[in-house]
Amino acid sequence: MTGAAGALRAALATRFGAHHVALFASGREALRVAMRVFAERGGRDEAVIPAYTCWSVAAAAVAAGLRVRLVDVDARGRIDLGALRALPLERVACVVVS
């Protein structure tokens, strides 16, 4: 990439000490790529997501080839820790909070 996108990538790489910076057109696509990387690196195939969140989160997990596991949320919309503790996590590549 050149121009503004290239300048942004270079600035982000410098700021965060990254060797590679990828830019995406949407948050869902960025989340999909991140989930896929986590799954491949960990050899796992599930994503835990809050039962009440934007549909794009589940769509990103499915597009990444992951099985979606829903976890209950509390009255404030945060993941219920008791419900999370009750889940088997051996196959979980990532837990998404919202």
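This passage describes a three-stranded sheet, one arginine within it and the aromatic rings of a predicted model.

The model is predicted; local features need pLDDT of at least 70, side-chain atom pairs count only at pLDDT 80 or more, and totals for chains, interfaces and linings use all residues. Residues are numbered from 1 along each chain as its sequence is written, and side-chain values use heavy atoms, with hydrogens and water left out.

Three strands (DSSP runs of E, at least two residues, numbered from the N terminus) make up an open sheet. Their order is β2-β1-β3, and the pairing is parallel. Pairing requires at least two DSSP bridges between two strands. Strands β2 and β3 (92–95) lie at the edges. Each has a single partner strand, so one side of each lacks a neighbour in the sheet. Neighbouring strands are turned by 30° against each other on average, direction ignored; the axes are lines fitted to C-alpha atoms. Strand β1 (residues 46–50) is joined to β3 by three bridges. E46 has V92 as its bridge partner in β3.

R69 is located in strand β2 (residues 67–71). R69 is buried (under 20% relative accessible area, 1.4 Å probe, protein chains only), at 16%. Its contacts (heavy atoms within 4.5 Å) include E46, A47, V48 and I49, as well as L87 and P88. Residues up to four places away in sequence are not counted.

Another arginine, R15, lies over the face of F16, at 5.3 Å from the ring centre. The criterion is CZ of Arg within 6 Å of the ring centre and within 35 degrees of the ring normal. Zero aromatic pairs (Phe, Tyr or Trp ring centres within 6.5 Å, with the six-membered ring used for Trp) are found in the whole structure.

How values were computed: Helices (H or I, at least four residues) and strands (E, at least two) are DSSP runs, numbered from the N terminus. Buried means under 20% relative accessible area, exposed over 50%, partly exposed in between (1.4 Å probe, protein chains only). Axes are lines fitted to C-alpha atoms, for helices over the stretch in contact, and angles run from 0 to 180 degrees between N-to-C directions. Rings of Phe, Tyr and Trp (its six-membered ring) pair if their centres lie within 6.5 Å; planes under 30 degrees apart count as stacked, over 60 as edge-to-face and the rest as tilted.
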